[in-house]
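Visitor: I'd like a close look at one part of this protein. Pick a spot in the fold and walk me through what surrounds it, please.

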Amino acid sequence: MHPHPLVSIACALTCALPLTARSITLDEALGAARSENKEIKVATLELAQSQRENSVNDWLPSISLQVGASASASIIDKSFNSSYSLGGVTWSLDSEARSANKANRILSNESALLAYQSKVNSINSKVTTAYWNAEAARLAWESRQNTLKRNQRALQTIQDKFEAGTATTLSVSQAEMSVADSQYQAQIARQTYQTALTTLSNLTGLDIGEDTVLQEMPGESTLQDRSLLTGSLEDTTTIKQYALALARARQTLADATSEGKGISVNVTAKTSFGDTIYSYRDHDGSWGFSDFADTTTLGVTVSVPLDHLFRNSSASIAIDSARYDIQIAELNLQQALDDLRTDVENAITSVRQTEDNLHLLDHHLALAQEQLELTQASYDAGKSSFSDLEDAKQAVSDAELSKVQQQLNHTIALYDLATLLECPVADLTR
């Protein structure tokens with residue numbers, strides 16, 4: 001007996017898979033993204049640029065080579081002189097400016113580091129979500145394939161019974177419809193999987209196809225106590241950025257206070273060199289070279305600002321404005337802590353809820369599989385209809401897909417929590 005055409009098509013669909021496979025772990029995907037992602041490369045260059053810009057040494061003098069030449073002549077006494085100058089070394093230091101520059105460079109370096117880490121965290125989050133979406137899509141496709149195979153076997157069995165005269169044309173037609181529907185569902189699931197793999201490939205720069213084996217999604221876990229998970233919020237990049245904004249506001253106040261009230265000492269020094277290289281006087285026929293000489297100047301300026309003594313002066317207003325900025329930054333920092341704490345609490349709740357749901361779905365899937373076995377036996381004995389058997393199969397398929405979706409929800413919730421706390425997933429469990 002020849003197999004039904006629908007069975008042949010379905011076999012071609014489910015069997016046309018690559019025989020070779022390679023595996024890519026989540027850590028490998030993250031590493032590839034960090035090394036190939038253009039946004040990360042830009043952030044790396046910006047970090048290096050900022051660190052270089054902030055490596056200025058205020059103690060180093062400004063050294064320049066300036067060459068000048070001049071000539072003068074007298075028609076009356078028929079004299080001619082020419083000279084040159086070569087300079088020089090210039091050095092200037094403002095005590096207040098140097099102190100402010102050092103503090104601001106430290107803040108700028110920290111800001112660049114935090115900006116870089118924030119970008120890395122963002123890319124990590126995108127890659128992690130894409131990775132687990134791809135794995136969940138694979139499991140969903142696998143579930144649809146299993147449903148298709150069950151319907152193929154059912155169709156073959158009914159065809160055998162039909163040829164033996166123990167099944168009706170309606171039963172065969174119903175079985176064929178079930179195979180056709182499951183073929184369509186399997187094809188949609190495969191396309192969803194391919195789209196998820198393409199997204200992951202674009203983020204990582206890796207060639208990831210259907211032959212690529214991904215990690216299994218993590219199973220059940222026991223989270224650490226809430227107090228331990230929420231005890232290190234201040235160490236996250238998010239909170240450090242707000243803390244840095246507060247530090248900048250305080251530095252701005254310090255700068256404004258120094259400019260408005262502080263005594264500033266400015267020291268400058270300059271050295272230049274020169275010589276008269278040729279001179280000639282006609283009345284006595286003399287000519288000659290002068291000795292090489294240098295000119296060095298040194299200046300010291302002490303500034304005592306008085307602007308702050310006037311209430312509505314620019315210095316007083318700048319100081320008041322800086323104080324307001326500090327209060328705003330303090331409130332923003334506290335709000336950021338509150339928001340992050342809320343997000344972490346919600347993530348913890350999501351992880352525990354998905355764990356509870358997985359327990360229930362495991363039990364539900366076991367019951368659905370048991371019901372399918374009983375319905376299959378009843379159908380084989382002629383006590384149940386084909387419709388009853390299809391309903392039992394659909395119940396198993398739905399339970400399998402629900403479990404896959406809940407596994408994805410659990411995994412994403414777990415990694416969302418790790419992203420918020422900026423720690424490995426292993427550190428969340430005990």
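**From one helix to the core and beyond**

Guide: Let's start at Ile328, which is partly exposed because its relative accessible area is 47% (buried is under 20%, exposed over 50%, partly exposed in between, with a 1.4 Å probe and protein chains only). Bear in mind that this is a predicted model, in which local features need pLDDT of at least 70 and side-chain atom pairs count only at pLDDT 80 or more, while totals for chains, interfaces and linings use all residues. Numbering starts from 1 along each chain as its sequence is written, and side-chain values use heavy atoms, with hydrogens and water left out.

Ile328 belongs to helix H8 (helices are DSSP runs of H or I, at least four residues, numbered from the N terminus). Its C-alpha atom is 8.4 Å from that of Leu246, even though 82 residues separate the two along the chain.

H8 takes us to the largest nonpolar core, since H8 (314–380) gives 12 residues, the largest share. That core holds 56 residues, and Trp132, Leu200, Leu417 and Leu428 have the most contacts inside it (a core is a set of buried Ala, Val, Leu, Ile, Met, Phe, Trp, Tyr and Cys joined through side-chain atoms within 4.5 Å). H2, H4 (95–163), H5 (169–204), H7 (237–261), H8 and H9 (386–421) each put in at least two residues. Separate from this core is another one of 17 residues, including Leu365, Leu389, Val396 and Ala399.

Back to Trp132: leaving out residues up to four places away in sequence, it touches Leu26, Gln215, Glu216, Met217, Pro218, Leu408, Thr411, Ile412 and Tyr415 (contact means heavy atoms within 4.5 Å).

Leu26 leads us to H2, where the buried residues are Leu26, Ala29, Leu30, Ala32 and Ala33. They span an arc of only 160 degrees around the axis, so they sit on the same side of H2 (the arc uses directions from the helix axis to the C-beta atoms).

Then there's the neighbour, H3 (residues 38–53): its axis comes within 5 Å of that of H2 (residues 26–36), and the two cross at roughly 55 degrees (axes are lines fitted to C-alpha atoms over the stretch in contact; angles run from 0 to 180 degrees between N-to-C directions). H2 and H3 are therefore oblique (not under 35 degrees, roughly parallel; over 145, roughly antiparallel; or 65 to 115, roughly perpendicular). From H2, Ala33, Arg34, Ser35 and Glu36 meet Lys38, Ile40 and Lys41 of H3. That contact has 2 nonpolar, 1 polar and 4 charged residues (nonpolar: Ala, Val, Leu, Ile, Met, Phe, Trp, Tyr, Cys, Pro; charged: Asp, Glu, Lys, Arg; polar: the others, Gly among them).
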